[in-house]
Amino acid sequence: MTESVSFNNIDDKGYEEAYLADAIRFKMKRDNKRFWAGDNISDYVDEQTKAQLIDEATVAFERVLDTLLIDRENDPNSKGTARRLANMYFNEIMAGRYEESPNATAFPNDTAGAYEGMLVVRSELKSMCSHHHQPVTGVAYIGIIAGAKLIGLSKYTRIAQWCARRGTLQEELCMDIAREIELATGSRDVAVYIQATHGCCENRGIMAHSSLTQTTVLHGAFKTDQSVKKEFFDNIKLQQDFAPR
């Protein structure tokens, strides 16, 4: 058992000396804040707090390795693995839970020469299945009919990756990206199409290495106007035809 960690920066009675993760979890429950694998909880985790959580997670992963009967003391390949796992979860594969949303600076699109067409952005994604914590690798095609404001092209991918770097399901991820793009742009005419392979199908269970999952969310004109919907999927087909192999 590790020593308790001081948690004086959160004013919760009963948690003056406690595991930091327990204290934060208590505070989120008290605030009725949902903290599912796919939720963003950056309001409760700053950089200093995250460093302490990584220390706690390291000890927890050491316990997991011990339970798996892996000699992490003498096996050179397993020394330091627990901390690598802790860092990976907090800073890489689930970083979208602990980081604030990307700063998507918007530019006005209401001048005489305003762009009124469709924009389709291809964004590579790396996510994680919340059921088995296996990797999800794929690409999102984000479509939008320009409204009163635009964001930089790279911001579409930054938002998509921020949503993806959590424990999630592809169906949920598709909806999350669409919602965040709408918030950033103010446009209701948004579409997201994702195709991805899932480690939970490839590395375990059915061991299907040719498996591919596709999900689509259509809002506004993409849902109600068949010509807009067709243009979106025609653009996807064009991008797939010219994508790097």
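This report describes the fold, aromatic contacts, surface and salt bridges of a predicted model.

## Overall layout

The protein chain contains nine helices and nine strands. Along the principal axes, its C-alpha atoms fill a box of roughly 65 × 45 × 25 Å. Of the 245 residues in the chain, 40% count as buried.

One pair of residues gives a sense of distance within that box. His-209 and Leu-150 are separated by 59 residues in sequence, and their C-alpha atoms are 39 Å apart in space. His-209 is located in the loop between helix H7 (199-202) and strand S9 (213-218). The relative accessible area of His-209 is 59%, so this residue is exposed, the cut-off being over 50%.

## Helix H6

Helix H6 covers residues 170-185, which makes 16 residues. At 1.5 Å a residue the helix should span 22 Å, and the distance between its end C-alpha atoms is 23 Å, so the two values agree. The expected span takes 1.5 Å times one less than the number of residues.

Many positions of the helix are listed as buried. The nonpolar ones include Leu-173, Ile-177, Ala-178, Ile-181 and Ala-184. The buried set also includes Asp-176, Glu-180 and Glu-182, along with Gln-170, Cys-174 and Thr-185. Just after H6 comes Gly-186, which takes a positive phi of about 80 degrees.

## Aromatic pairs and charges over rings

The count of aromatic pairs is six. In the pair of Phe-90 and Tyr-98, the ring centres are 4.7 Å apart and the planes meet at 35 degrees, so the pair is tilted. An angle under 30 degrees would have counted as stacked, and one over 60 as edge-to-face. Both partners fall below the 20% limit for burial: Phe-90 is buried because its relative accessibility is 10%, and Tyr-98 is buried at 12%. Elsewhere, ring pairs join Tyr-141, Tyr-193, Phe-222, Phe-232 and Phe-233 into a cluster.

Two arginine side chains are placed over tryptophan rings. The charged end of Arg-34 sits over the ring of Trp-36, at 3.7 Å from the ring centre. For Arg-166, the charged end sits over the ring of Trp-162, with 4.4 Å to the centre.

## Salt bridges in and after helix H1

The structure has 14 salt bridges. One of them joins the side chains of Asp-22 and Arg-25, with an N to O distance of 2.3 Å. Both residues belong to helix H1 (residues 20-30) and are three residues apart, about one turn of the helix. An α-helix has 3.6 residues a turn, so residues three or four places apart point the same way. Asp-22 is partly exposed at 27% relative accessibility, and Arg-25 is partly exposed at 33%.

A further salt bridge links the side chains of Asp-31 and Arg-30, at 3.3 Å from N to O. Asp-31 has a relative accessible area of 33% and Arg-30 one of 43%, so each is partly exposed. Arg-30 and Asp-31 are also part of a network of salt bridges together with Lys-27.

## Helix H2 and the loop after it

Glu-62 and Arg-72 meet through their side chains in a salt bridge of 3.9 Å, N to O. This pair links distant parts of the chain, ten residues apart: Glu-62 is in helix H2, whereas Arg-72 is in the loop between H2 and helix H3 (81-93). The N to O distance of 3.9 Å is within the 4 Å cut-off. Glu-62 is partly exposed, with 25% relative accessibility, and Arg-72 is partly exposed, with 23%.

Helix H2 (residues 47-67) also holds Val-64. Val-64 forms a nonpolar surface patch with Leu-68 and Ile-70, and together the three have about 240 Å² of accessible area. Val-64 itself counts as partly exposed because its relative accessibility is 41%, which lies between the limits of 20% and 50%. Patch members need over 30% relative accessible area, and Val-64 meets that requirement at 41%.

Definitions and conventions. Residues are numbered from 1 along each chain as its sequence is written. This is a predicted model: local features need pLDDT of at least 70, side-chain atom pairs count only at pLDDT 80 or more; totals for chains, interfaces and linings use all residues. Side-chain values use heavy atoms; hydrogens and water are left out. Rings of Phe, Tyr and Trp (its six-membered ring) pair if their centres lie within 6.5 Å; planes under 30 degrees apart count as stacked, over 60 as edge-to-face and the rest as tilted. Buried means under 20% relative accessible area, exposed over 50%, partly exposed in between (1.4 Å probe, protein chains only). A charge sits over a ring if NZ of Lys or CZ of Arg is within 6 Å of the ring centre and within 35 degrees of the ring normal. Patches are made of residues with over 30% relative accessible area and no salt bridge: like charges are joined within 9 Å, nonpolar side chains (Val, Leu, Ile, Met, Phe, Trp, Tyr) within 5 Å. Accessible areas come from the Shrake-Rupley method with a 1.4 Å probe; for residues, only the protein chains shown count as cover. Helices (H or I, at least four residues) and strands (E, at least two) are DSSP runs, numbered from the N terminus.
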